Structure formats: C-alpha cells, structure tokens
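Work through the exercises below with the sequence and the model at hand, and compare each result with the solution that follows it.

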Amino acid sequence: MAFLNKLGSLTRQSISQKGQVPVVSMFNSIRSMSSSKLFIGGLPWSTDDQTLKDAFSGFGEVTEARVIMDRETGRSRGFGFVHYDSVENASEAVSAMDGQDLGGRTVRVSFAEDRRPPQSYNDNNYQGNRRFDN
C-alpha cells in the first residue's frame, strides 16, 4: 500500500511539472521501496538498539535494528535503521509508525535510500583559483 501511495504521489508530481517525468527520481523511489530497510528519524536520545527493535517488532521479524551513535560523544544522533525479513512487513511498519509517538517524540519512518557516493572537488568542473591567460 505504501508503495502504491508513493508511486501515485510521484506520478502526480510529474504531471504537475508540465508533463516532464522525473524518471531517475521515480526509479530511485521504486528501487528503495523494494527494500526491507527503514529509516527512523526523530528518535528520543535515550533510544538504544534493543528499544528500537522492540518498538518495531510488532510488524514482523526484525533482522536488525541500529541506532546511529556519534563517534566522538557516544550519544545517539536521533535516527536509526530497522531491517525486516520481508518488504511487506517493512511496508506495514511504515504505514503504522510514521508520525507516531515513540518515547515522547514523533518519529518519521520511511524506506531507507541507498547512500550516495561522496562528491569530489573535481565534480561539476570545479576549477578552484586557477587562472586562465589569453
């Protein structure tokens, strides 16, 4: 159901942009929704891996739950990831948990996107302070 809602939203968005279809955006959204990995944002600072797993295990078999911690302080960064054994369970968790209260904070739940490779300074024809003489 979440997949169809997202697809409908992308289609409406493409129609509103003078008929131009953002094909790359649509493919990326479809690809991320075929994953069983969820992004959970807005977590309370006190949330640990086990608490996150317990909160999301009611929607199916959680294979991994991980709260991302700051390297320097060792404190939670306020977001994490939950992996399910199936896309259907992940979709059900998104529908049920997005916008819900968890430990006093409203959490955002969505399908996780693949990490983008870091951009180097050579991208976009970056030239720095180079001088061009005629």
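**Exercise 1.** What percentage of the 134 residues in the protein chain do buried residues make up?

*Solution.* This is a predicted model, in which local features need pLDDT of at least 70 and side-chain atom pairs count only at pLDDT 80 or more, while totals for chains, interfaces and linings use all residues. Residues are numbered from 1 along each chain as its sequence is written, and side-chain values use heavy atoms, with hydrogens and water left out. Buried means under 20% relative accessible area, exposed over 50%, and partly exposed in between (1.4 Å probe, protein chains only). By that criterion, buried residues make up 30% of the 134 residues.

**Exercise 2.** Establish the order of the secondary structure elements, then examine helix 4.

*Solution.* Helices (H or I, at least four residues) and strands (E, at least two) are DSSP runs, numbered from the N terminus. The protein chain has four helices and six strands, and along the sequence they follow the pattern α-α-β-α-β-β-α-β-β-β. Within helix 4 (residues 87–97), the residues Asn89, Ala90, Ser91, Ala93, Val94 and Met97 are buried. Just after helix 4 comes Gly99, which takes a positive phi of about 85 degrees.

**Exercise 3.** Is Ser76 buried or exposed, and which backbone nitrogen lies 2.9 Å from a polar atom of its side chain?

*Solution.* Ser76 is placed in strand 3 (residues 76–84). Because its relative accessible area is 8%, Ser76 is buried. The backbone nitrogen in question belongs to Gly78, at 2.9 Å from a polar atom of the Ser76 side chain.

Key. A polar contact is a pair of N or O atoms within 3.5 Å; within protein, one must be able to donate a hydrogen and the other to accept it, and residues adjacent in sequence count only if both atoms are side-chain atoms.
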